[in-house]
Amino acid sequence: MIAMLALASAAAGVFILLVVLRAALHKAMDFVELQGFVADYRLLPQAWIAPVAGALMGLEFVLAALVALPFSRGAGLLGCAVLFAGYAIAIAINLARGHTRIECGCGGAPQMLSTSLLLRNGVLAVLAVFAAWAMPGALSLPESLVVIGAGVFALALYLLFEQLNANRMYLKKRGSL
């Protein structure tokens, strides 16, 4: 049982690494678009938009590196949990204000702010904490392959969820749902 928990934790860590790295790469590919997403949340003065956008992108790259390195994995995963919670707070503030026509800026399929994004970020934060809490020791080659495969599979399910959520929001906007 403990071995399965350790493998699940390691797979969750791989998944979190892939999610954060994907988000950082998305932000780096179009920094101007990223600044627009940050501005749309209307949480910062205009002068802070570019520096905060850059800091968020840099933080995601740093967290990905920390999670990827064995000696800093726990700290990186806890940092990811805090980041996901921070993003959830920004989403919740805008939902409370009634600002739902804002693209989340998460990368991938365009998604407008919704409670499903709050749920997603909560699940990501919990997974990151779980991965940090139950980190395994050294893994054998077969265990490592299983963990990587499970992390990649979890990312595929995550991407499917994002696309389905984007489709649902699109259909809802069009009045088809």
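**Exercise 1. Determine how helices H4 and H5 are oriented relative to each other in this predicted model, and describe the residues through which they meet.**

Solution. Begin with the geometry: helix H4, residues 73–97, and helix H5, residues 115–133, pack at an angle of about 165°, and their axes lie 8 Å apart. Angles over 145 degrees count as roughly antiparallel, and H4 and H5 are therefore roughly antiparallel to each other. The next step is handedness, and here the crossing of H4 and H5 is left-handed. Turning to the residues themselves, the H4 side of the contact includes Leu-77, Cys-80, Phe-84, Tyr-87 and Ile-91, while the H5 side includes Leu-118, Asn-121, Leu-124, Ala-128 and Val-129. Sorted by class, the residues of this contact comprise 18 nonpolar and 3 polar, with no charged residue among them.

**Exercise 2. Carry out the corresponding analysis for H5 and H6, and state which classes of residue form their contact.**

Solution. H5 and H6 pack at an angle of about 165°, with 11 Å between their axes. By the cut-off of 145 degrees, H5 and H6 are therefore roughly antiparallel to each other. As to handedness, H5 passes H6 in a left-handed crossing. From H5 the contact draws on Ser-116, Leu-117, Arg-120 and Leu-124, and from H6 on Tyr-158, Phe-161, Glu-162, Asn-165 and Arg-168. The classes in the contact of H5 with H6 are 4 nonpolar, 2 polar and 3 charged residues.

**Exercise 3. Identify which residues touch the most other members of the largest nonpolar core, and trace which helices supply the core.**

Solution. The largest nonpolar core has 21 residues, and those touching the most other members are Phe-15, Ile-16, Val-19, Val-20, Cys-80, Phe-84 and Leu-124. Helix H1 (2–29), H3, H4, H5 and helix H6 (141–174) each supply at least two residues of this core, and the largest share, 6 residues, comes from H1. Phe-84 can be followed individually: leaving aside its neighbours within four places in sequence, Phe-84 is in contact with Ile-16, Val-19, Val-20, Asn-121, Leu-124 and Ala-125. A second, separate core has 8 residues, among them Ala-90, Ile-91, Cys-106 and Leu-113.

**Exercise 4. Decide whether Val-67 is buried or exposed, and do likewise for Phe-31, listing the contacts of each.**

Solution. Val-67 is found in helix H3, residues 49–68. Its relative accessible area is 2%, and the cut-off for a buried residue is under 20%, so Val-67 is buried. Beyond its neighbours within four places in sequence, Val-67 is in contact with Gly-13, Leu-17, Arg-73, Gly-76, Leu-77 and Cys-80. The C-alpha atoms of Val-67 and Ala-132, 65 residues apart in sequence, are 9.4 Å apart in space.

Phe-31 lies in helix H2, residues 31–40. With a relative accessibility of 27%, Phe-31 counts as partly exposed. Leaving aside its neighbours within four places in sequence, Phe-31 is in contact with Ala-50, Ala-53, Gly-54 and Met-57. Of these partners, Met-57 is 26 residues away along the chain, with a C-alpha separation of 8.8 Å from Phe-31.

**Exercise 5. Describe the backbone and the setting of Arg-42.**

Solution. Start from the general expectation that most residues other than glycine have a negative phi. Phi of Arg-42 is instead a positive value, near 55°, in a residue other than glycine. Arg-42 is placed in the loop between H2 and H3, and at 49% relative accessibility Arg-42 counts as partly exposed.

Methods. Residues numbered from 1 in each chain as written. Predicted model: local features only at pLDDT ≥ 70, side-chain atom pairs only at ≥ 80, totals over all residues. Heavy atoms only, no water. Axes fitted to C-alpha atoms, helices over the stretch in contact; angles between N-to-C directions. Helix = DSSP H or I, 4+ residues; strand = E, 2+ residues; numbered from the N terminus. Parallel < 35°, antiparallel > 145°, perpendicular 65-115°, else oblique. Left-handed = near helix turned anticlockwise from the far one by under 90°. Contact = heavy atoms within 4.5 Å. Nonpolar A, V, L, I, M, F, W, Y, C, P; charged D, E, K, R; others polar. Buried < 20%, exposed > 50% of the residue type's maximum accessible area, 1.4 Å probe, protein only. Core = buried A, V, L, I, M, F, W, Y, C linked by side-chain atoms within 4.5 Å.
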